[in-house]
Amino acid sequence: MSMHPQNIPDIPQQTVEVARASFPKGNIYMKIRDTLGSIFEEEVFADLFPQNGQPAYTPWRLALVCIMQFMENLSDRQAADAVRGHIDWKYMLSLALTDSGFDYSIRE
């Protein structure tokens, strides 16, 4: 797996609108994102990956998923399902509502 750091994308507008409609007062994940941003920067992970090879799934997202997984006491499979199905997780991870997430067996 290789990684070439890129800017962390803004939250897609449709995700923002639906998340704010669903959680008018926000929730823990939305508040973390709004207050701290994405928490991680991709450059932090760059030295962990070779320059060549198949592109890795975005490491800053996987790090956040691990944090949310711990907070919710979820298995890997449940966390991957949450990325696909939870609007607030998509908000935290800057994902479009239609993003299918990743397979639970993904390895960094």
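**View 1. The whole chain reads as α-α-α-α-α along the sequence.** That pattern comes from five helices and zero strands; here helices (H or I, at least four residues) and strands (E, at least two) are DSSP runs, numbered from the N terminus. What you're looking at is a predicted model, where local features need pLDDT of at least 70, side-chain atom pairs count only at pLDDT 80 or more, and totals for chains, interfaces and linings use all residues. Residues are numbered from 1 along each chain as its sequence is written, and side-chain values use heavy atoms, with hydrogens and water left out. The pLDDT score is the predictor's confidence in each residue, from 0 to 100. Its mean over the protein chain is 83, and 72% of the residues reach 70 or more. Helix by helix, H1 has the highest confidence, at 98, and H3 the lowest, at a mean of 90. Of the 108 residues, 39% count as buried (buried means under 20% relative accessible area, exposed over 50%, partly exposed in between, with a 1.4 Å probe and protein chains only). Take the contacts (heavy atoms within 4.5 Å) between residues at least 6 apart in sequence: 69% of them join residues at least 24 apart.

**View 2. Here is the largest nonpolar core, a group of 17 residues.** A nonpolar core is a set of buried Ala, Val, Leu, Ile, Met, Phe, Trp, Tyr and Cys residues joined through side-chain atoms within 4.5 Å. Which members touch the most others? Look for Val65, Met68, Val83, Trp89, Met92, Leu93 and Phe102. Two or more residues come from each of helix H2 (28–36), helix H3 (59–72), helix H4 (76–85) and helix H5 (87–92). The top contributor is H3, with five residues. There's also a second, separate core of five residues, and Ile11, Val16, Ala19 and Met30 are among them.

**View 3. Helix H2 has a buried side.** Tyr29, Met30, Ile32 and Arg33 are the buried residues to find in H2. They sit on the same side of the helix because they cover an arc of only 160 degrees around the axis, with the arc taken from the directions from the helix axis to the C-beta atoms. What do the buried residues of H2 pack against? Their partners are helix H1 (13–22), H3 and H5.

**View 4. Now zoom in on the two ends of H2.** At the start, Asn27 reaches out with a side-chain oxygen, to within 3.1 Å of the backbone nitrogen of Tyr29. Just after the helix comes Gly37, with a positive phi of about 75 degrees.

**View 5. Thr15 is tucked away in helix H1.** Is Thr15 buried or exposed? With 0% relative accessibility, Thr15 counts as buried. Setting aside its neighbours within four places in sequence, you'll find Thr15 in contact with Ile87, Lys90, Tyr91, Leu95, Ala96 and Leu97.

**View 6. The structure holds two salt bridges.** A salt bridge is a side-chain nitrogen of Lys or Arg within 4 Å of a carboxyl oxygen of Asp or Glu. One pairs Asp34 with Arg20, and their closest N and O atoms are 3.9 Å apart. This pair links distant parts of the chain, since Asp34 belongs to helix H2 and Arg20 to helix H1, 14 residues apart. Asp34 is partly exposed at 46% relative accessible area, and Arg20 is partly exposed too, at 43%. In the other bridge, Asp81 meets Arg84, with the closest N and O atoms 2.5 Å apart. These two are three residues apart in helix H4, so about one helical turn separates them. Asp81 has a relative accessible area of 41%, making it partly exposed, and Arg84 is also partly exposed, at 34%.

**View 7. Asn73 and Ser94 are two spots with a positive phi.** Most residues other than glycine have a negative phi. Yet Asn73 has a positive phi of about 55 degrees, although it is not a glycine. Where is Asn73? Its place is in the loop between H3 and H4, and it is exposed, with a relative accessible area of 69%. Ser94, also not a glycine, has a positive phi near 60 degrees. You'll find Ser94 in the segment after H5, where it counts as buried at 5% relative accessibility.

Key: A polar contact is a pair of N or O atoms within 3.5 Å; within protein, one must be able to donate a hydrogen and the other to accept it, and residues adjacent in sequence count only if both atoms are side-chain atoms.
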